[in-house]
Amino acid sequence: MQPPFKEPAVPRRLLALAALLIHHAALASCPAEQAASLPLTLWKGKLLLPVGINGAPQTIALDTGAGISTISTAVANAIDLPHDFDHAAELGGVGGRASVLYIGQVDTLELDHLRLTHLAFPIADFDLKTQSGDPVAGLLGADVLRRYDLEIDVPAGRLTLWQTSACADPQPPWSTTGDPIPFDLDEGNHILVGLKVEGTHLTGVLDTGAPGLAVTDGAAFRTGLTEDALEADIPIHGIGVNNRAWNGHLHRFETINFAGVTFHATQAEIIPSNMAARNDALIGADALIGMQLLQNMRLWISYRTKTLYMQANGRAGAG
């Protein structure tokens, strides 16, 4: 009697290879498409890019820490932007909230060849200037950015928006990538990612609109900073978005670890925790991670998959 027929065993590595080939074949049928590519200029801690607002060429600041995009009062007046007088919005920042009385009706927002229509942005006062002294038109925030996967290459001075589908691979089109860094999104679409300060785990907001690193005093005390040491640091003062004054200090941390990169002897603004409680971006977070840490980075941000990839000095960052 012959033994029952058995199919030959397939080595596991061949099965894995086949699965990988099927995966890549599926991705090839629905690749990410480039929606826009724009030059970026780092100026006084801000990332500036050219846009068109209702047909007028303008410069706007790329701000992942802003939950909503805004238009500056000066530019709104200059281009005679239509106002919605029946609605109001609130703009948050260090120092609290400020009522924004009017909403600007943006008929068209042009980002390279990308044309977005029928947008409503709050109008607020901003004291931001370009290198030539012209007013910055406002902030391009997460309400627009979250529609795309973002590639922010700060050293190369380039922002690329990628239009992805549900089946597209969230990895960036780089020759080498590190491990993905997962992040959370709060209700305001702020990107919450982990970092270590003096070996202590903190939660930071990835904020391209912030020039430096800011840490709440409550979080700073958890890293081992004492009140006496803080009082010996350089005092600083600021004005919030509602002209509310706040006081803080400049402190130098010995080690900060972020995205697989260690920063030594890094200066940070220590801001009062009660200010953070009134700051939209810092609700539920300990720090703002600004351009001081990001200026040598290449970032890939996928709002859809809540995944971040980073490269610094040619090395891929790992969480």
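Buried, in what follows, means under 20% relative accessible area. This is a predicted model, and I'll start with its tryptophans.

Trp 162 is buried, and Trp 300 is buried as well. A search of the whole structure turns up one aromatic pair, and these two residues make it: the ring centres are 6.0 Å apart with the planes at 40°, so the pair counts as tilted. Trp 162 belongs to strand β13 and Trp 300 to strand β23, so the pair ties together parts that are 138 residues apart in sequence.

Next, the cores. In soluble globular proteins, nonpolar side chains tend to be buried together. Here the largest nonpolar core has 67 residues, and among those with the most contacts inside it are Leu 49, Phe 258 and Val 215. Strand β10, residues 114–124, supplies the largest share of this core, five residues. A second, separate core has nine residues, including Val 205 and Ile 271. Beyond its neighbours within four places in sequence, Val 215 is in contact with several residues, including Leu 202, Phe 253 and Ile 271.

Last, strand β16, residues 191–197. Five of its seven residues are buried. What does β16 pair with? With β15, the pairing is antiparallel over two bridges, one partnership being Asp 184 with Leu 192. Those two strands form a hairpin with five residues between them, and Asn 189 in the turn has a positive phi of about 65°. With β17, β16 shares six bridges, again antiparallel. That hairpin has two residues between the strands, and Glu 198 takes a positive phi near 50°. With β20, residues 245–258, β16 has two bridges, also antiparallel; there Lys 196 partners Asn 257.

Methods: Residues numbered from 1 in each chain as written. Predicted model: local features only at pLDDT ≥ 70, side-chain atom pairs only at ≥ 80, totals over all residues. Heavy atoms only, no water. Phe/Tyr/Trp six-rings, centres within 6.5 Å; stacked < 30°, edge-to-face > 60°. Helix = DSSP H or I, 4+ residues; strand = E, 2+ residues; numbered from the N terminus. Buried < 20%, exposed > 50% of the residue type's maximum accessible area, 1.4 Å probe, protein only. Core = buried A, V, L, I, M, F, W, Y, C linked by side-chain atoms within 4.5 Å. Contact = heavy atoms within 4.5 Å. Pairing = 2+ DSSP bridges.
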